Amino acid sequence: MSGGPEVSVVVPFRDDEERVGALARRLAGHLRALGLSFELLFVDEDARDNSVALLLLLRDRELPELRVLTASGALGFAVGAQVARGRALWFFDVRQADAPLAPFAWARRRLAEGIDVVRVSGRFTVARRTRVWPVVAGLPGRGDAFASALAARARRRRLAVDTAAGREAPLWARLLGAFAKA
């Protein structure tokens, strides 16, 4: 993995012990199936349950790509992006643990086409690390609120943003966008 991994997945969590282990395994399995090098950056935003212990155990036994970081308050995405080494950042909200992962491959292709931020509404955001890191610095939040703020900041800096609702988006993204507007 010289030069860093291809993908850094950033997942902030709080009291999510029922989700973090299965999500870490699921993300790792998906990225391995795609043949990508990766790191999983799970960021503790003041968890008071067994989430951290569970992740550390998982890292030691199954997932050497997993790192557990600490952030105060709701700055998990910003902290994860700051230490990420991957060419692509995959911002994933732990509350979307059951969301389909297949759109990630499409979003990653959009990055290769020159897009800087690809927002898959209600699921996740994928971005080019070197272009987006300054935009994410200090940006709080989770879920759609974070994704919307990131997209808005990126646009203000004249970065290319795709919200997965255009003509070229896969059918599932167009339907999701039409449903959200209704």
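Start with the whole chain in cartoon view: this predicted model has seven helices and seven strands. Trace the ribbon along the sequence and you'll meet them in the pattern β-α-β-α-β-α-β-α-β-β-α-α-β-α.

Now switch on the surface. The accessible surface of the chain adds up to about 8,700 Å², and carbon and sulfur atoms hold 51% of that. Of the 182 residues, 48% count as buried. If you turn on contacts, keep an eye on how far apart the partners sit in the sequence: among contacts with a separation of 6 or more, 72% link residues 24 or more positions apart.

**Stop 1: strand β4**

Hide the surface and select β4, residues 88–92. How many of its five residues are buried? Five of the five, so to speak a full house. Show the side chains next. Ala88, Trp90 and Phe92 point one way from the strand, while Leu89 and Phe91 point the other way. That fits a general habit: in a regular strand, side chains alternate between the two faces of the sheet.

**Stop 2: the strands paired with β4**

Add β1, residues 7–13, to your selection. β1 and β4 run parallel and are joined by four bridges. To find one of them, click on Val7, whose bridge partner in β4 is Ala88.

Then add β6, residues 124–128. Which way do β4 and β6 run, parallel or antiparallel? They are antiparallel, with five bridges between them. For an example here, pick Trp90 and look across to its bridge partner in β6, Val126.

**Stop 3: the largest nonpolar core**

Select Val9, Leu27, Leu40, Phe42, Trp90 and Phe92 and show them as spheres. These are the members that touch the most others in the largest nonpolar core, which has 35 residues. Several elements give two or more residues to this core, including β2 (38–44), α2 (51–61), α4 (103–112) and β5 (117–120). The largest share, six residues, comes from α1, the helix at 17–33.

Zoom in on Leu27. What does Leu27 contact, leaving aside its neighbours within four places in sequence? The list is Val9, Val11, Leu40, Phe42, Trp90, Phe92 and Leu101. You've already met Trp90 and Phe92: both point the one way from β4, along with Ala88.

**Stop 4: another core**

Finally, select Ala78, Ala84, Val132 and Leu139. They belong to a second, separate core of 23 residues.

Conventions. Residues are numbered from 1 along each chain as its sequence is written. This is a predicted model: local features need pLDDT of at least 70, side-chain atom pairs count only at pLDDT 80 or more; totals for chains, interfaces and linings use all residues. Side-chain values use heavy atoms; hydrogens and water are left out. A nonpolar core is a set of buried Ala, Val, Leu, Ile, Met, Phe, Trp, Tyr and Cys residues joined through side-chain atoms within 4.5 Å. Buried means under 20% relative accessible area, exposed over 50%, partly exposed in between (1.4 Å probe, protein chains only). Contact means heavy atoms within 4.5 Å. Accessible areas come from the Shrake-Rupley method with a 1.4 Å probe; for residues, only the protein chains shown count as cover. Two strands pair if DSSP finds at least two bridges between them.
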